[in-house]
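The exercises below are meant to be worked with the sequence and the model open side by side. Try each task before reading its solution.

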Amino acid sequence: MSKFLPEAGKRVSGCGAALPYDSFVNPSSPSQESAARAPGKTPAGLIRLSDLSDARLADVLDLSDRFKAGVRRTELAGKSVGFLFFRGSLRTRTAFEVAVHQLGGQGVHMSAGSDFWEVEARDGVVMDGTAPEHVRDAAAVMSNYCDALAIRPRPAGNAWAVDRRDEGIHAWARHATVPIINMESALSHPLQALADLMTLRETFGRDLSGKRLAIVWTPSPTPAGPSVVHSILLAALRSGMQVSLAHPRGYELDEGVMSEAKALGAQHPTGGLEHANTSRDAAAGAHVVYARSWMSLENYGNKTRAASRVATERRDWLVDESLMQLGNEARLMHPMPIRRNLEVTDSVLDGPRSLVYQQAANRLPTQKGLLSLLLRGQ
Ligand SMILES: CC(=O)N[C@@H](CCCN)C(=O)O
Ligand SMILES: NC(=O)OP(=O)(O)O
């Protein structure tokens with residue numbers, strides 16, 4: 001049952017039930033008008049992992065396990081999911097496309113630049129810039145075609161203080177009347193965290209408390225944003241893991257995320273967060289080494305300075321066999337894409353302790369699990 005048009009029955013939709021006759025003859029009936037525009041009415045989507053309660057998170061992961069074990073469901077039959085990519089993707093996009101197909105639904109994939117108009121996200125501005133369409137209008141229109149919208153925004157890349165607010169995706173969530181799924185914003189990558197949690201549970205069992213996770217910075221001339229690291233950090237601490245974080249000076253994570261991390265660490269007697277000066281210190285005794293490049297938020301928006309720093313720091317931060325041996329039969333995780341022999345050596349990446357392909361594979365069942373849960377019964 002739609003949560004948006006309680007009286008009118010269903011949204012106008014290319015893929016939902018027919019609109020009742022009364023609404024058809026009187027399209028501006030108050031219930032429909034307010035339902036289409038009312039702020040705060042957007043049904044639960046996923047912008048950050050913390051949008052899922054512990055119970056719902058466990059439901060998604062349990063459902064994901066069942067999908068991976070071969071359970072077939074067609075909960076998306078007759079439903080469509082819109083995917084809006086403002087930047088590229090290999091795993092997220094492919095996993096979602098296959099997920100929707102396997103659930104019996106239709107995915108509509110759109111890439112900014114080639115498939116749709118540039119959108120303005122700021123409210124109340126005179127739209128005399130390059131964007132011919134406002135997110136308010138695009139979201140309203142797309143909500144009438146699709147049962148959920150998944151978005152991968154492109155952070156502007158000028159100032160972290162601005163990009164960290166994730167205004168683009170929040171604007172879509174504000175103006176859409178269907179669930180919004182974050183396919184990686186500046187601040188977080190909840191879909192990656194779901195696959196990472198599934199992988200950790202497969203490796204260590206459902207109870208992750210007390211397991212030691214080392215998150216180690218790795219060099220890259222095209223470093224990623226900190227989204228993945230923020231999400232795995234919070235997800236691991238929420239699961240009661242002991243996290244050790246190592247990065248060069250100047251690569252501190254977002255302050256707001258770090259305060260959340262500290263608070264989560266303090267809540268769990270089995271877990272907590274500590275800082276290490278080197279990846280070797282972090283890896284000592286670790287059950288998992290989670291490697292990831294991320295850009296310096298100090299140098300955010302300054303690519304030249306960022307690149308020259310990486311050149312000086314690369315030798316000390318390569319994940320190799322000798323680092324892995326410091327761990328407790330440590331497994332390797334990395335969200336990919338990964339730069340071989342710059343971030344992690346071939347022998348570690350292709351060795352028996354690497355979980356990276358399993359992580360990537362788990363994007364499919366977890367994204368199926370999430371879609372099923374979000375769209376079930378709507
Ligand atoms: C190095 C690289 O391609 N970084 C990507 C990673 C995206 C992963 N979802 C980026 O953040 O731009
Ligand atoms: N890890 C991840 O999100 O990969 P893509 O950027 O290829 O989707």
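Three exercises follow, each with a worked solution.

This is a predicted model, in which local features need pLDDT of at least 70 and side-chain atom pairs count only at pLDDT 80 or more, while totals for chains, interfaces and linings use all residues. Residues are numbered from 1 along each chain as its sequence is written, chains are lettered from A and ligands numbered from 1 in the order in which they are written, and side-chain values use heavy atoms, with hydrogens and water left out.

**Exercise 1.** Describe the surroundings of strand β1 (residues 80-85).

*Solution.* Begin with exposure, where buried means under 20% relative accessible area, exposed over 50%, and partly exposed in between (1.4 Å probe, protein chains only). Six of the six residues of β1 are buried; Ser80, Gly82 and Leu84 point one way, whereas Val81, Phe83 and Phe85 point the other way.

Next, look for partners, bearing in mind that strands (E, at least two residues) and helices (H or I, at least four) are DSSP runs numbered from the N terminus, and that two strands pair if DSSP finds at least two bridges between them. β1 runs parallel to strand β2 (residues 106-111), to which six bridges join it, and phenylalanine 85 has serine 111 as its bridge partner there. β1 also pairs in the parallel sense with strand β5 (residues 148-152), over five bridges, with alanine 148 as the partner of valine 81.

**Exercise 2.** Locate the largest nonpolar core and say which residues touch the most other members.

*Solution.* A nonpolar core is a set of buried Ala, Val, Leu, Ile, Met, Phe, Trp, Tyr and Cys residues joined through side-chain atoms within 4.5 Å. The largest has 83 residues, and those touching the most other members are Leu194, Leu213, Ile215, Leu233, Val319, Leu332 and Leu371. Helix α9 (residues 227-238) gives the largest share, eight residues. Because domain 1 (77-187) and domain 2 (190-302 + 309-361) both contribute residues, this core lies between them; the domain bounds come from an automatic or database domain assignment. Apart from this core lies another, of 20 residues, including Phe86, Val119, Val178 and Ile180.

**Exercise 3.** What does isoleucine 215 touch, not counting residues up to four places away in sequence?

*Solution.* Take contact as heavy atoms within 4.5 Å. The contacts of isoleucine 215 are then Val229, Ile232, Leu233, Val243, Ser244, Leu245, Ala246, Tyr290 and Trp294.
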